Amino acid sequence: MPATCKAELRAVADKEFAKLQKLLDQIPDDLALTPDSDGITPKDIIAHRAHWIALFLGWYHAGQAGLAVEIPAPGYKWNELKRYNADLRAAQQDVSWPEACAMLWAWHLCWLGLIGDLDDIALYGEPMKGGNNKWTTGRWAEAAAPSHYRSAAKYLRQRLKAYQSAR
């Protein structure tokens with residue numbers, strides 16, 4: 001069930017980020033850079049999550065400024081996410097594991113800053129400007145951070161379990 005107020009949003013973000021951080025601390029460097037059967041590494045997953053927080057923050061600020069908001073990204077439509085994510089992995093190929101983790105932490109702090117600056121009305125009172133749908137800023141914020149933390153943690157748990165079983 002999505003959050004409906006700032007306190008719930010912050011609570012779910014704190015909970016999901018803490019779970020993810022605990023897993024990040026357990027990922028050995030060699031596993032962080034080992035591709036799965038789809039060619040995706042834990043590093044790719046974390047850098048991807050950081051990037052999507054940055055995208056959300058960009059959408060929010062552009063909408064607030066009355067600028068055109070291209071969601072999910074310029075030149076891409078929602079039905080092209082597979083291509084976008086592949087292009088993103090290619091663009092982030094030289095990002096190291098420590099850099100990916102630092103990016104996630106930095107964008108999480110930016111996300112927390114935005115949420116901290118907004119009240120319940122700004123977060124949940126109306127659709128996000130530029131969002132081009134009925135989702136509120138709070139709903140977009142939850143999709144960009146806590147929901148992504150949850151899915152990243154699930155992926156990392158699976159990878160870590162397989163890694164430990166193979167040893």
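Biologist: Why are H3 and H7 called roughly antiparallel to each other?

Modeller: This is a predicted model, so take the numbers as computed from it. The axes of H3 (residues 42-64) and H7 (residues 137-144) cross at roughly 160 degrees. Anything over 145 degrees counts as roughly antiparallel, so H3 and H7 get that label. Their axes come within 9 Å, and H3 passes H7 in a right-handed crossing.

Biologist: Which residues in H3 and H7 meet?

Modeller: From H3 you have Trp52, Ile53, Phe56, Trp59 and Tyr60, and from H7 Thr137, Trp140, Ala141 and Ala144. Sorted by class, the contact of H3 with H7 has 8 nonpolar residues, 1 polar and no charged ones.

Biologist: What makes H3 and H8 roughly antiparallel to each other?

Modeller: The crossing angle again. H3 and H8 (residues 146-166) have axes that cross at roughly 180 degrees and come within 10 Å. Set that against the cut-off of over 145 degrees, and H3 and H8 are therefore roughly antiparallel. On the H3 side the contact is made by Pro42, Ile45, Ile46, His48, Arg49, Trp52 and Ile53. H8 brings His148, Tyr149, Ser151, Ala152, Tyr155, Leu156 and Arg159. By class, the contact of H3 with H8 has 9 nonpolar, 3 polar and 2 charged residues.

Biologist: And at what angle do H3 and H4 pack?

Modeller: About 110 degrees, with the axes 10 Å apart. The window for roughly perpendicular runs from 65 to 115 degrees, so that is the word for H3 against H4. H3 passes H4 in a right-handed crossing.

Biologist: Which residues in H3 and H4 meet?

Modeller: Asp44, His48, His51, Trp52 and Leu55 in H3 meet Leu81, Tyr84, Asn85, Leu88 and Arg89 in H4. The residues of this contact of H3 with H4 divide into 5 nonpolar, 3 polar and 2 charged.

Biologist: Staying with H4, which of its residues are buried?

Modeller: In H4 (residues 81-91), they are Tyr84, Asn85 and Leu88.

Biologist: How do you know that the buried residues of H4 line one face of the helix?

Modeller: Look down the axis of H4: its buried residues fall within an arc of 95 degrees, so they line one face. The general rule is that an α-helix has 3.6 residues a turn, so residues three or four places apart point the same way. H3 is included in what covers the buried residues of H4.

Biologist: Over to H1 (residues 6-24), where Leu20 lies. Why is Leu20 called buried?

Modeller: Its relative accessible area is 0%. Buried means under 20%, so Leu20 qualifies.

Biologist: What is Leu20 in contact with, leaving aside neighbours within four places in sequence?

Modeller: Leu20 is in contact with Ile46, Leu104, Tyr149, Ala152, Ala153 and Leu156. Leu20 and Tyr149 are 129 residues apart in sequence, and their C-alpha atoms are 6.1 Å apart in space.

Biologist: Glu16 also has its place in helix H1. What makes Glu16 count as buried?

Modeller: With the limit at under 20%, Glu16 counts as buried because its relative accessibility is 5%. Beyond its neighbours within four places in sequence, Glu16 is in contact with Pro146, Tyr149 and Arg150. Its C-alpha is separated by 14 Å from that of Leu109, 93 residues apart along the chain.

Biologist: Why is Gly116, in helix H5 (residues 97-117), called partly exposed?

Modeller: Buried stops under 20% and exposed means over 50%. Gly116 has a relative accessible area of 42%, so partly exposed is the term. Gly116 and Pro127 are 11 residues apart in sequence and 19 Å apart in space, C-alpha to C-alpha.

Biologist: And what makes Asn132 exposed?

Modeller: A relative accessible area of 67%. The bar is over 50%, so Asn132 is exposed. You'll find Asn132 in the loop between H6 (120-124) and H7.

Biologist: What is the phi of Asn132?

Modeller: Positive, at about 60 degrees, although Asn132 is not a glycine. In general, most residues other than glycine have a negative phi, and most peptide bonds are trans.

Biologist: Is the peptide bond from Ile71 to Pro72 cis or trans?

Modeller: Cis, with omega near 10 degrees. Pro72 has its place in the loop between H3 and H4.

Technical notes. Residues are numbered from 1 along each chain as its sequence is written. This is a predicted model: local features need pLDDT of at least 70, side-chain atom pairs count only at pLDDT 80 or more; totals for chains, interfaces and linings use all residues. Side-chain values use heavy atoms; hydrogens and water are left out. Axes are lines fitted to C-alpha atoms, for helices over the stretch in contact, and angles run from 0 to 180 degrees between N-to-C directions. Helices (H or I, at least four residues) and strands (E, at least two) are DSSP runs, numbered from the N terminus. Angles under 35 degrees count as roughly parallel, over 145 as roughly antiparallel, 65 to 115 as roughly perpendicular and the rest as oblique. A crossing is left-handed if the near helix is turned anticlockwise from the far one by less than a right angle, and right-handed if clockwise. Contact means heavy atoms within 4.5 Å. Ala, Val, Leu, Ile, Met, Phe, Trp, Tyr, Cys and Pro count as nonpolar, Asp, Glu, Lys and Arg as charged, and the others, Gly among them, as polar. Buried means under 20% relative accessible area, exposed over 50%, partly exposed in between (1.4 Å probe, protein chains only). The arc is that of the directions from the helix axis to the C-beta atoms.
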